[in-house]
Amino acid sequence: MFGSDEGPWNHSFRLEHKLGPRLNVLALIDPSPQRALAVLDAKRASFVRPAYEQTRVFDDVGALAEAVRKGEVEVPQ
């Protein structure tokens, strides 16, 4: 999750720098999909683009679970 109504978070920063090209973000869960998509656009315009190219946004865990059940999202390893 990149943020909340209280303000933005950037917890991913440390992972992006530590893992570099090994990072592959399959999905984001954020109750504000518009905000998550805006952040993804910025991430995709930066050096970490490969990590976020295939990232899908879901507004809750149930929606992600349903997509995994349907085979629409890769099961995290």
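Are Glu 16 and Lys 43 buried or exposed? Both of them are buried. Keep that pair in mind while we walk through this model, which is a predicted one.

**The overall layout**

Let's start with the whole chain. Its secondary structure adds up to four helices and four strands. Read from the N terminus, the order is β-β-α-β-α-α-β-α. There are 77 residues in the chain, and 27% of them are buried. If you take contacts between residues at least 6 apart in sequence, 64% of these join residues at least 24 apart. The accessible surface is about 5400 Å², and carbon and sulfur atoms account for 56% of that.

**A look at helix 2**

Helix 2 covers residues 33-44. With twelve residues at 1.5 Å a residue, you'd expect a span of 16 Å, and the end C-alpha atoms are indeed 16 Å apart. Which residues of helix 2 are buried? They are Ala 36, Leu 40 and Lys 43. Look down the helix axis and you'll find these buried residues within an arc of 60°, so they line one face of helix 2. Gln 34 and Asp 41, on the other side of helix 2, are exposed. And what covers the buried residues? The cover includes helix 1 (12-19), strand 3 (27-29), helix 3 (49-52) and strand 4 (56-58).

Leu 40 also turns up among the contacts of Thr 55. Thr 55 sits in the loop between helix 3 and strand 4. Loop or not, Thr 55 is buried, because its relative accessible area is 7%, and buried means under 20%. Setting aside residues up to four places away in sequence, Thr 55 touches Val 25, Leu 26, Ala 27, Leu 28, Leu 40 and Arg 44.

**Charged pairs**

Side chains of opposite charge can pair when their charged atoms come close. This structure holds four salt bridges, and the table lists some of them.

| Salt bridge | Closest N and O atoms |
|---|---|
| Glu 16 and Lys 43 | 2.8 Å |
| Asp 30 and Arg 35 | 3.1 Å |
| Arg 49 and Glu 53 | 3.1 Å |

Back to our opening pair. Glu 16 forms a salt bridge with Lys 43. Glu 16 lies in helix 1 and Lys 43 in helix 2, so the pair ties together parts that are 27 residues apart in sequence.

How do the other partners sit? Asp 30 is buried, at 1% relative accessibility, while Arg 35 is partly exposed, at 24%. Arg 49 is partly exposed with 43%, and Glu 53 is partly exposed with 40%.

Note on methods. Residues are numbered from 1 along each chain as its sequence is written. This is a predicted model: local features need pLDDT of at least 70, side-chain atom pairs count only at pLDDT 80 or more; totals for chains, interfaces and linings use all residues. Side-chain values use heavy atoms; hydrogens and water are left out. Helices (H or I, at least four residues) and strands (E, at least two) are DSSP runs, numbered from the N terminus. The expected span of a helix is 1.5 Å times one less than its number of residues. Buried means under 20% relative accessible area, exposed over 50%, partly exposed in between (1.4 Å probe, protein chains only). The arc is that of the directions from the helix axis to the C-beta atoms. Contact means heavy atoms within 4.5 Å. Accessible areas come from the Shrake-Rupley method with a 1.4 Å probe; for residues, only the protein chains shown count as cover. A salt bridge is a side-chain nitrogen of Lys or Arg within 4 Å of a carboxyl oxygen of Asp or Glu.
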